[in-house]
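This report covers the packing of helices and the surroundings of a ligand. The sequence and structure come before the details.

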Amino acid sequence: MRNWALVTGASSGIGESFTRLLAAANFNLVLVARDEVRLNELAAGLKEKYGVDSIVIVADLATESGCFKVEEFISNNEIEVLVNNAGFGINKPFTVSDLAREEEVLKVLVRTPMRLMHVALPKMKARNSGVIINVSSVASFIAGGAYSASKSYLTVLSESLHTELSATNIKVSALCPGFTRTEFHQRGRMKMAGLPQFMWLNSDALVAKAWKDALAGKAVSIPGWQYKLLVGFISLMPRSLVKRVGMNLRVKQR
Ligand code: NAP
């Protein structure tokens, strides 16, 4: 019998890569996002290629009802793998950004993963098994606006849970990617033309690395030598410099 894995933001990019990796690892999938057509196409493709079953949950995770729908599903079913991945970028400085958009950042990037873990973890503890991967960002190590602050929450909470659950068989890991080729930058209308080629990561490759790191019990996964180096530098830099780098790295609006 196959175990079930739930992926938020399954319709595109890093989330979609996770669904293919988990299907290849013989998990049935619960696919969560807003785009029903894409999720159904994905479910059909996973069935055809890997023979796994999928359940589609259409939910806007910025809404209370969308978040509750997924919480309820987790509470009524046994989910072995939870991937908190849904997210988007915000490219305007805080003082001129739209307040409603800022609140959506908190709801999708912070509130939803927190609540899904809060409902999933007691069940994982009762079974003494489970894997949670929180898709954070290298932005969680810098000071680059509300997006970066939200990702810091996710990285720090993942590290805390990793410690809290260290005596159990439950793995919690924060995946911290750098710039990755997905729909993220196009959707966020970000200007990416000047970014050197070597800074771009491949979504399938980083997801394979994240899965390996999570199973190996790593609290934080940073795929790619360039980003390991960057995060290493950041950890040695004075905070005053990190603050300046953070604001300069913030991607500009198209
Ligand atoms: P993407 O291709 O734009 O995918 C984003 C996914 O999130 C989509 O499946 C989208 O689905 C879903 N989503 C967005 N808002 C949602 C909402 N309100 N409710 C439900 N689902 C929602 O971007 P990606 O790069 O794969 O992003 C995945 C994660 O990686 C994000 O958390 C992002 O912050 C993180 N990340 C990305 C990069 C990068 O450079 N790409 C770097 C570091 C971290 P629907 O539109 O169908 O709802």
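## Ligand contacts

A polar contact is a pair of N or O atoms within 3.5 Å; within protein, one must be able to donate a hydrogen and the other to accept it, and residues adjacent in sequence count only if both atoms are side-chain atoms. The model is predicted, with local features requiring pLDDT of at least 70 and side-chain atom pairs pLDDT 80 or more, while totals for chains, interfaces and linings use all residues. Residues are numbered from 1 along each chain as its sequence is written, and side-chain values use heavy atoms, leaving out hydrogens and water.

The ligand is surrounded by 31 residues (each with a heavy atom within 4 Å of it). The closest are Ser12, Arg34, Tyr147, Thr182 and Arg187. A polar backbone atom of Asn85 is 2.8 Å from an oxygen atom of the ligand. Two side chains also approach ligand oxygen: a polar atom of Tyr147 at 2.6 Å, and an N or O atom of His185 at 3.3 Å.

## Helices H1 and H2

Helices here are DSSP runs (H or I, at least four residues), numbered from the N terminus. Axes are lines fitted to C-alpha atoms over the stretch in contact, and angles run from 0 to 180 degrees between N-to-C directions.

H1 (residues 13–24) packs against H2 (residues 36–50) with the axes 10 Å apart and an angle of about 30 degrees. That makes H1 roughly parallel to H2 (an angle under 35 degrees). The crossing is right-handed (the near helix is turned clockwise from the far one by less than a right angle). In contact (heavy atoms within 4.5 Å) are Glu16, Thr19, Arg20, Ala23 and Ala24 of H1 with Leu42, Leu46 and Tyr50 of H2. By class, these are five nonpolar, one polar and two charged residues. Ala, Val, Leu, Ile, Met, Phe, Trp, Tyr, Cys and Pro count as nonpolar, Asp, Glu, Lys and Arg as charged, and the others, Gly among them, as polar.

## Helices H3 and H4

The axes of H3 (residues 64–76) and H4 (residues 99–127) come within 9 Å and cross at roughly 15 degrees. That makes H3 roughly parallel to H4. The contact of H3 with H4 has seven nonpolar, three polar and five charged residues.

## Helices H4 and H5

H4 and H5 (residues 145–164) pack at about 10 degrees, with axes 9 Å apart. H4 is therefore roughly parallel to H5, and their crossing is right-handed.

On the H4 side the contact includes Val105, Leu109 and Met117, and on the H5 side Tyr147, Tyr153 and Leu157. The residues of this contact divide into 14 nonpolar, one polar and two charged. Tyr147, in H5, is also among the residues closest to the ligand.

Methods: Helix = DSSP H or I, 4+ residues; strand = E, 2+ residues; numbered from the N terminus. Parallel < 35°, antiparallel > 145°, perpendicular 65-115°, else oblique.
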